[in-house]
Amino acid sequence: MSILLKASDLKTPMSASDLFSRTGPLVFEVGFGDGRYLEHLASANPEWNLVGAEVSLGSVWRAYRRMNRSGIREVRLFKGNARFLVRDVFEEGSLDRVFVNFPDPWPRKKHLKNRLLQVPFFQILSSRLKPGGSLFLTTDHPEYFEFSVQQGQESLCFDVIQGPPPPATLETKYARKWRDQQKPIFHAEFRCHTVIPSAPRPISSIEMQHATLKGSLENVGPFTKQVRRFEGGHAFVMEAYRELDSQGLLFKVISEEQDFRQELLIQAWPKKDGVYVSLQPFGDPMTTKGVREAVLAVTDWLVSQGLELDQTWV
Ligand SMILES: C[S@@+](CC[C@H](N)C(=O)[O-])C[C@H]1O[C@@H](n2cnc3c(N)ncnc32)[C@H](O)[C@@H]1O
């Protein structure tokens, strides 16, 4: 498996042995930025199996290049939301440690809901950690620090042990920035003492996702953005393109299923007895309910353009 985790590599849930072909402590870093801390962990603890999640594509590439330069193989980099991996991907009782260095503090009141370290997250994490496993937080933000400590305690799952930050956490890109500004840095270990059982939510994997319609694609349009709401998420049909080498159409669709976001390409093309709509494998998507809904969103739009639904296999 490549060190870059693609959505199509993921299973829900996924064991450590699905991710790594060797045994060893499973350690997760949230928001790894340029990957400096993961690089440190890998060289200081060569027996650890490291997984990192990061929402910024630019940061994922910086970290990927860093791992390649250093020859680090026992790491998996996921571009996406850490919340998704914790809730849906990591098996119960699989994680040894979690590191969160300088998380985005979301200081404005209306953005507080975006903070990761809140009671529901701590409670889910309690069952993904091994017994006695810990989350380690280092931050420059006193208010987020206090908030996280309070939320960890309110979760009733963690003992919070405050102390000086481990030296290596003071060498990340953001740590250096704050250190240069002589800002104080705060650190705590959240050690799990009580587990609230909650199994990962399996994201159904559906093989056949297509539809057929009667009619022609020749005169459809103009196109406007379409939104399809479904239980657990949304599918946004953002744009439609005509293919130059055929009569087909391509649709760019974003599916959002809680914290799991995918960019999808759905194709509609003429066949001798009608029009066929299906997911393209471009970008290695995970075939989730969101993909099925994306096919249905495109199908609905084509029906609104005068085509007639024949059959769906979704
Ligand atoms: C302030 S930066 C710190 C980066 C790095 N840890 C460091 O110390 O240099 C916060 C990082 O977390 C990432 N991030 C924020 N929310 C996230 C989430 N829910 N899942 C994964 N990454 C996230 C951001 O893209 C950003 O790179």
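Pro13 sits in the loop that runs between β1 (4-5) and α1 (16-19), and the peptide bond leading into Pro13 from Thr12 is cis, with omega near 0°. This is a predicted model. The protein chain has 314 residues, with eight helices and 15 strands. The domain assignment divides the chain into domain 1 (4-192) and domain 2 (210-313).

**Backbone features in loops**

- A second cis peptide bond, with omega about 0°, joins Gly221 and Pro222.
- Pro222 is placed in the loop between β9 (210-214) and β10 (226-230).
- Phe102 is not a glycine, yet its phi is positive, at about 55°.
- The loop that holds Phe102 lies between β5 (95-101) and α5.
- Phe102 has a relative accessible area of 9%, so it counts as buried, the cut-off being under 20%.
- Gln182 is likewise a non-glycine residue with a positive phi of about 55°.
- Gln182 is found in the loop between α7 (173-180) and β8 (186-192).
- With a relative accessible area of 71%, Gln182 is exposed, because the cut-off for that class is over 50%.

**Overall dimensions and surface**

- The C-alpha trace of the protein chain spans about 70 × 40 × 40 Å along its principal axes.
- Buried residues make up 48% of the 314 residues in the chain.
- The accessible surface of the chain is about 15,400 Å².
- Carbon and sulfur atoms contribute 52% of that accessible surface.
- Among contacts with a separation of 6 or more, 72% are between residues 24 or more positions apart.

**Charges**

- The chain carries 39 positive and 37 negative charges.
- The mean position of the positive charges and that of the negative charges are 4 Å apart.

**Domains and their contact**

- The C-alpha centres of domain 1 and domain 2 are 36 Å apart.
- Domain 1 supplies 11 residues to the contact, and domain 2 supplies seven residues.
- About 740 Å² is buried between domain 1 and domain 2.
- Carbon and sulfur atoms give 58% of this buried area.
- On the domain 1 side, Ala7, Phe84 and Arg87 lose the most area to domain 2.
- Together, Ala7, Phe84 and Arg87 account for 51% of what the domain 1 side buries.

**Helix α4**

- Helix α4 covers residues 82-89 and is mostly covered, with seven of its eight residues buried.
- The buried residues of α4 are Ala82, Phe84, Leu85, Val86, Arg87, Asp88 and Val89.
- Two of these residues, Phe84 and Arg87, are also named among those in domain 1 that lose the most area to domain 2.
- The cover over the buried residues of α4 includes the strands β2 (26-30), β3 (49-54) and β4 (75-79).
- Helix α5 (119-128) and strand β13 (260-271) are also included in that cover.
- Strand β13 (260-271) is thus listed as cover for α4, and domain 2 is assigned residues 210-313.

How values were computed
Residues numbered from 1 in each chain as written. Predicted model: local features only at pLDDT ≥ 70, side-chain atom pairs only at ≥ 80, totals over all residues. Heavy atoms only, no water. Helix = DSSP H or I, 4+ residues; strand = E, 2+ residues; numbered from the N terminus. Buried < 20%, exposed > 50% of the residue type's maximum accessible area, 1.4 Å probe, protein only. Contact = heavy atoms within 4.5 Å. Areas by Shrake-Rupley, 256 points an atom, 1.4 Å probe, with all protein chains shown as cover. Lys, Arg positive; Asp, Glu negative; His and termini not counted. Charge placed at Lys NZ, Arg CZ, Asp CG, Glu CD. Domains from an automatic or database assignment. Buried area = accessible area lost by both parts, 1.4 Å probe.
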